[in-house]
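Hi,

Here is the structure we talked about, with my notes underneath. Have a look at it first and then read on.

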Amino acid sequence: MNSELHFTEKDLRPFYEQQIKLEKLVIDQDVLPDEIKYIAGVDVAYNDDSGEMIGAIVVIDFSTKEIVEEAFHEMQITFPYVPGLFSFREIPAIIEAFKKLKIKPDLIICDGHGIAHPKRVGMATHLGITLDIPSIGCAKKRLIGTWDKDRLHSERGSVEPLILDGEKIGAVLRTQKNVKPVFVSIGHKISLETAYAITLEMCKKYRLPETTRAADQLVNKLMKEKLENDKMA
DNA sequence: GCGACAG
DNA sequence: ATCTTGTCGC
């Protein structure tokens, strides 16, 4: 069953309006616990054939990098993929997964942008404000903005500001030597400097944060299992 | 009008 | 996002 999601420009308007309200609530400074103990990663896997999605959140101990809790939620896809409105597609399943957690994280790293977004309300910002938890956007690809590619060196830890119309909206960060950089921006209740320092700390071994990797692996495993079960029944 | 465009 | 194995390089 290919349950199509038809959204016209008019249908999308209220969501753009909601972004304008959310943008006013962003806090671009550190409002963090004295010591970060738990840090979470989130991700969603989709099955367009069945029209279902699985959202997951994985909580990791910030000092040991070990997974301390996982939660997930399966539900119908309610929103199409529209660049700029990505959070409305992704967030519902993540919120439900979050509710199932016993251990609430001090900070969430999202697989997508924070304020490095046309309306300054990307996935990380939307989620951070909704849950009232500090959040970081760490995306694999640029959405908006430019950076000086010549000044971004190939060494791990090299960082350049992501600029749009003269405004610094994020950081382009090389998390490993000779790999493509990631795009870090603040989500909510954090400063850009803290955001990319923590991101780098979570990328000791790989290009992407351990949080993102853990959430990604979990949803992909769950989706694979689900597809096999559906085939049986 | 023509691209660009998180996952 | 997803379709997809081996393989070149550090």
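Let's begin with D132, which counts as partly exposed at 47% relative accessibility. Buried here means under 20% relative accessible area and exposed over 50%, with partly exposed in between (1.4 Å probe, protein chains only).

Some housekeeping before more detail. This is a predicted model, in which local features need pLDDT of at least 70 and side-chain atom pairs count only at pLDDT 80 or more, while totals for chains, interfaces and linings use all residues. Residues are numbered from 1 along each chain as its sequence is written, chains are lettered from A and ligands numbered from 1 in the order in which they are written, and side-chain values use heavy atoms, with hydrogens and water left out.

**Salt bridges**

Back to D132: what does it pair with? Its partner in a salt bridge is K189, with the closest N and O atoms 2.7 Å apart. D132 sits in the loop between α3 (123-131) and β5, and K189 in the loop between β8 and α4, so the pair ties together parts that are 57 residues apart in sequence. K189 is buried, with a relative accessible area of 15%. A salt bridge is a side-chain nitrogen of Lys or Arg within 4 Å of a carboxyl oxygen of Asp or Glu, while helices (H or I, at least four residues) and strands (E, at least two) are DSSP runs, numbered from the N terminus.

Over the whole structure the search turns up 13 salt bridges. One of them joins the side chains of E201 and K65, at 2.7 Å from N to O. E201 belongs to helix α4 and K65 to the loop between β2 and β3 (67-76), so this pair ties together parts that are 136 residues apart in sequence. Both partners are partly exposed: E201 has a relative accessible area of 26% and K65 has 23%. K65 also has a positive phi of about 70°, although it is not a glycine. D165 is another non-glycine with a positive phi, near 50°; D165 is in the loop between β6 (159-164) and β7 and counts as exposed at 76% relative accessibility.

E74 forms a salt bridge with K226, and here the closest N and O atoms are 3.3 Å apart. E74 is in strand β3 and K226 in helix α5, so the pair ties together parts that are 152 residues apart in sequence. E74 is partly exposed at 35%, whereas K226 is buried at 10%. The two also belong to a network of salt bridges that links E52, E74, K226 and D230.

**The nonpolar cores**

The largest nonpolar core holds 31 residues, and I39, L107, I136, I190, I198 and M202 have the most contacts inside it. Elements that each supply at least two of its residues include β1 (38-47), β2 (52-61), β4 (107-110) and α4 (192-201). Helix α5 gives the largest share, 6 residues. A second, separate core has 23 residues, among them I57, V59, A71 and A93. By nonpolar core I mean a set of buried Ala, Val, Leu, Ile, Met, Phe, Trp, Tyr and Cys residues joined through side-chain atoms within 4.5 Å.

I198 is a nice one to click on. Leaving aside neighbours within four places in sequence, I198 is in contact (heavy atoms within 4.5 Å) with I36, I39, F62, L107, I136 and I190. I198 is also one of the buried residues of α4, along with L192, T194, A195, T199 and L200. What covers them includes β1, β4, β5, β7 and β8.

Over in helix α2 (residues 86-99) you'll find I94, buried at 0% relative accessibility. With the same four-place neighbours left out, I94 is in contact with V42, V44, M123 and L127.

**DNA strand B**

Which residues are closest to DNA strand B? They are Y81, F86, H113, M123 and K140, out of 17 that surround the strand; near means a heavy atom within 4 Å. Sugar and phosphate make up 47% of the strand's atoms that come within 4 Å of the protein. The surface near the strand divides into 7 nonpolar, 5 polar and 5 charged residues.

A polar side-chain atom of Y81 lies 2.4 Å from a phosphate oxygen. The bases are reached too: a side-chain N or O atom of H117 is 3.2 Å from a base nitrogen, and a backbone N or O atom of G84 is 3.3 Å from a base nitrogen.

Cheers

Notes. A polar contact is a pair of N or O atoms within 3.5 Å; within protein, one must be able to donate a hydrogen and the other to accept it, and residues adjacent in sequence count only if both atoms are side-chain atoms. Ala, Val, Leu, Ile, Met, Phe, Trp, Tyr, Cys and Pro count as nonpolar, Asp, Glu, Lys and Arg as charged, and the others, Gly among them, as polar.
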